[in-house]
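Dear colleague,

I am passing a structure on to you, and I would be grateful if you could look through it before reading my notes. What I found in it follows below.

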Amino acid sequence: MADNRHAELVGILGKQRAAFTAARPEPLSARRDRIERAIALLKENGEELCRAMAADFGNRSPHQSMITDIAGTVGFGRYCLKNIYKWSRTERRKVQFPLGLLGARAELRYEPKGVIGILSPWNFPVNLSFGPLMQVFAAGNRAMLKPSEFTERTSDLLAELVAARFGADECVVVTGGPEVAHAFSELPFDHLVFTGSTQTGRKVMEAAAKNLVPVTLELGGKSPAILGRSADLEKAGERIALGKMMNAGQICLAPDYLYVPADMEEGAVAAVELGVRNMYPSLLANEDYASVISDRHFDRLKGLVEDARAKGAEVLEINPADEDFSQSNARKMPLTILRNVTDDMDAMKEEIFGPVLPVKTYKAVEEAIAHVNAHDRPLGLYYFGDDAAEREEVLTRTISGGVTVNDVLFHVSMEDLPFGGVGPSGMGSYHGVEGFREFSHARSIYTQPRVDIAKLGGMKPPYGPAAVKAARMMMK
Ligand code: NAD
């Protein structure tokens, strides 16, 4: 990357940090004002942003974009506005007996960290940049955003809109490709939030480590959907179909593969198929159904299917209107169900991130639990069924970032629940009070009373019998 681009990024960070420092202590009204401006930006330009997203994808329903990227993010901004006073309240903490009686005081203040970098992916380009931004602002920080180069029009538009509403010392959108992204991840931010693949997450953490920049990593993985015997197949099938078809399955939390009791496999596959047919009567000529983002991703998905076929999987394409996909360059792919899958197939090794659904079967649910535990900890886990004992067995014997019971994805839309991964699916979280705390520095403040506590406690040299007595008392 040209040196002047690097210098530009360093310059922006320097300016933001100087402005941050000079403005302290900032009233909460300043934070609220930034969130309100971010909300207004989305509301006033929502339609234009949806058009940009549709153009970037080639095809993406403006209705879907309005829900997932605009309304969902506005709603989260409002949630932050509503909670900002509660979250930022100073907490009184306990002091050990008898310090309280002597006038000692302990408190915890949630203070802003400074300038926070936000690196976001292409799949929900507005939600995954402005979502973290709302909470970064709520915690009193300034922000630099670097959205994905795959959604170039949306990223350029965001840059323009942000420049019109925010001072460069408050919030800036930086655009560019992987080189700019890498340079961005090397900046000495006060915190860095990265949403993207586990592979890039590793590089980001390595770059951040050079400056000991704390990171929040929102990554991906293979989120299983486990159907119990008591599952309502029709409901489960439709919900799984939606999770795999919305945004053409390009969702970090999409159900990656399905685990079903062997004797329910036929019924489960039929239910998913019915779900697809009900919601998407056609695909190619249907604006509701999104394209795969790029030729590279499209070829990767087709490769997953061909690899599975070559290794013995049964391949079932759900093409409700019998459309001819071979004559289209719209990068649309019908939901492709893979049966008889084995763990040596690429579709069972890498995150799918598209409309391909491998189906595995079990005789006892323990097999599904063992499979999940033998692989990387997933971002999401889905259990379908009304059997509370079985549900608890699945939940208490597995580990995942989050869980939705009797549906997929939905836990991320609960604003008050922290959202994040665990292990290879990520670290740290945002949403809920946890997100506010993630972007805050919890500063401990202890106030010493007038009496000489160190002397009273026998902690002052020259040490003698008082120190011996104090140590004994402490261990009593
Ligand atoms: P990606 O990792 O390829 O790219 C994400 C961002 O990283 C982009 O802005 C890109 O410019 C930047 N980048 C690329 N190379 C970089 C480098 N060397 N250093 C620093 N930054 C770099 O991911 P993607 O393809 O855009 O998104 C898909 C992945 O994101 C999937 O794995 C998905 O599961 C994951 N994801 C996770 C969440 C979540 O919230 N946990 C949400 C959406 C997507």
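Helices (H or I, at least four residues) and strands (E, at least two) are DSSP runs, numbered from the N terminus. This is a predicted model, in which local features need pLDDT of at least 70 and side-chain atom pairs count only at pLDDT 80 or more, while totals for chains, interfaces and linings use all residues. Residues are numbered from 1 along each chain as its sequence is written, and side-chain values use heavy atoms, with hydrogens and water left out.

Some backbone details come first. Proline 98, in the loop between strand S1 (91–93) and strand S2 (105–112), is joined to phenylalanine 97 by a cis peptide bond with omega about 0 degrees. Proline 25, which sits in the loop between helix H1 (3–23) and helix H2 (28–57), follows arginine 24 through another cis bond, with omega near -5 degrees. Asparagine 247, in the loop between helix H8 (233–245) and strand S9 (255–261), has a positive phi near 55 degrees although asparagine 247 is not a glycine. Most residues other than glycine have a negative phi, and most peptide bonds are trans.

The ligand is the other topic. Around the ligand there are 28 residues (a residue counts if one of its heavy atoms lies within 4 Å), and Ser120, Glu149, Ser197, Leu219 and Glu351 come nearest. By class, this shell has 13 nonpolar, ten polar and five charged residues, where Ala, Val, Leu, Ile, Met, Phe, Trp, Tyr, Cys and Pro count as nonpolar, Asp, Glu, Lys and Arg as charged, and the others, Gly among them, as polar. Domain 1 (3–219 + 427–441) and domain 2 (224–416) each give at least three residues to the shell, the bounds coming from an automatic or database domain assignment.

Polar contacts are pairs of N or O atoms within 3.5 Å. A polar side-chain atom of serine 197 is 2.7 Å from an oxygen atom of the ligand, and a polar backbone atom of leucine 219 lies 2.7 Å from a ligand nitrogen atom.

With kind regards

Methods
A polar contact is a pair of N or O atoms within 3.5 Å; within protein, one must be able to donate a hydrogen and the other to accept it, and residues adjacent in sequence count only if both atoms are side-chain atoms.
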